[in-house]
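The following report describes selected local features of one protein model. It proceeds from single residues to strands, a helix and a pocket.

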Amino acid sequence: MNRRYRKTIIAGNWKMNKTPTEARALAETLKTRVARCKWCEVVLCVPFTDIVSLTRATKDCRISVGAQNLHQEESGAYTGEVSGKMLKDAGVKYVIIGHSERRQYAGESNELVARKVKAALTAGLRAIVCVGETLKERDMGVTNEVVALQVRSAFDSIPTTDELKKIVFAYEPVWAIGTGRNATPEQAAEVCTYIRTLIRKKYGARAARAVTIQYGGSMNADNARELLAQLDVDGGLIGGASLDPDSFAAIVQAANQ
């Protein structure tokens, strides 16, 4: 982490877990453990049905509420979808875009991810843009090529450094998500540094050093401190561990050192 230039962000991705009642109870527990952190921002990215419950439960603390997806259009005949404008009005601050599970199960392409990034920025939301390679791609030695294509596709919807200030990149190697297998601190740092290099080439050094780049992929209470000690790892996008208040609080405390 480098707090001199950029914000440290720990974001929990609850995925398809927790009813509104359960979400409120978990938030009440977390508030006493993580809401007073001085050095990092805490975000809970929750299912759509939990958003209203969470915004109410966290209104008196510093936990921000995030969504896990949005539609690329502002409105229209898109049954079952939710727009950025709707999320913003509901109290959402962040939205995850391009998570590997969306890319894999919903067939989201780099082009669609870019359109969703644009939609998020238009709505006044901060986008957590996920990038990362599969195990096959890593074994083939094309990690940088895959990540570069994903990052540069997102650039198409970020025309200026003003928009870039609302973007967080999350490096999530697909082979480490939900598997219990995580990248080593050196592997995580290498790709996060590469992402910052891509940003610097596009927007300049000053803008690049201000962008938060998270690591996701089985970050937990045991490995968080070592991962977060890497210069270009500015936080984490936490999956399963974010559903356990003790584990999540330990990760936040590691980031708050």
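Leu164 is buried, with a relative accessible area of 2%; buried means under 20% relative accessible area, exposed over 50%, and partly exposed in between (1.4 Å probe, protein chains only). The model is predicted, so local features need pLDDT of at least 70 and side-chain atom pairs count only at pLDDT 80 or more, whereas totals for chains, interfaces and linings use all residues. Residues are numbered from 1 along each chain as its sequence is written, and side-chain values use heavy atoms, with hydrogens and water left out.

Leu164 belongs to helix H8 (residues 161-164). Helices (H or I, at least four residues) and strands (E, at least two) are DSSP runs, numbered from the N terminus. Not counting residues up to four places away in sequence, Leu164 touches Ile158, Ile199, Tyr203, Ala207 and Val211, where contact means heavy atoms within 4.5 Å. Leu164 and Leu121 are 43 residues apart in sequence, and their C-alpha atoms are 9.5 Å apart in space.

Thr8, in strand S1, is likewise buried, with a relative accessible area of 2%. Residues up to four places away in sequence aside, Thr8 touches Met1, Arg3, Trp39, Cys40, Glu41, Asp234, Gly235 and Ala255.

Two residues in the loop between S1 and H1 have a positive phi although neither is a glycine. Most residues other than glycine have a negative phi. The table sets out their values.

| Residue | Location | Phi | Relative accessible area |
|---|---|---|---|
| Lys15 | loop between S1 and H1 | about 55 degrees | 22%, partly exposed |
| Lys18 | loop between S1 and H1 | about 80 degrees | 31%, partly exposed |

How is strand S2 placed with respect to the rest of the structure? Seven of the seven residues of S2 are buried, so the strand is largely enclosed by the rest of the structure. In a regular strand the side chains alternate between the two faces of the sheet. Both faces of S2 are covered, with Cys40, Val42, Leu44 and Val46 buried on one side and Glu41, Val43 and Cys45 buried on the other.

S2 runs parallel to S1, to which six bridges join it, and Ala11 stands opposite Val43 in S2. Strand S3 (residues 63-67) also runs parallel to S2, with five bridges between them; here Leu44 has Val65 of S3 as its bridge partner. Two strands pair if DSSP finds at least two bridges between them.

Helix H12 (residues 245-255) has Pro245, Phe248, Ala249, Ile251, Val252, Ala254 and Ala255 buried. These buried residues pack against strand S1 (8-13), helix H1 (20-34), strand S2 (40-46), helix H11 (224-228) and strand S8 (235-238). The N-terminal end of H12 is capped by Asp244, which has a side-chain oxygen 2.9 Å from the backbone nitrogen of Asp246.

The largest pocket holds about 350 Å³ of space. On a 1 Å grid over the protein atoms alone, a pocket is an open set of points where a 1.4 Å probe fits, with protein on both sides within 12 Å along at least five of seven lines; lining residues have an atom within 4 Å of a point. Grid points are joined across faces, edges and corners, and the volume is the space filled by probe spheres set on the points. Of the 14 lining residues, Lys15, Met16, Gln68, Glu101 and Arg102 lie nearest the centre of the pocket. Helix H4 (residues 100-105) gives the most to this lining, with three residues.

Methods:
Polar contact = N/O pair within 3.5 Å; in protein donor to acceptor, adjacent residues only side chain to side chain.
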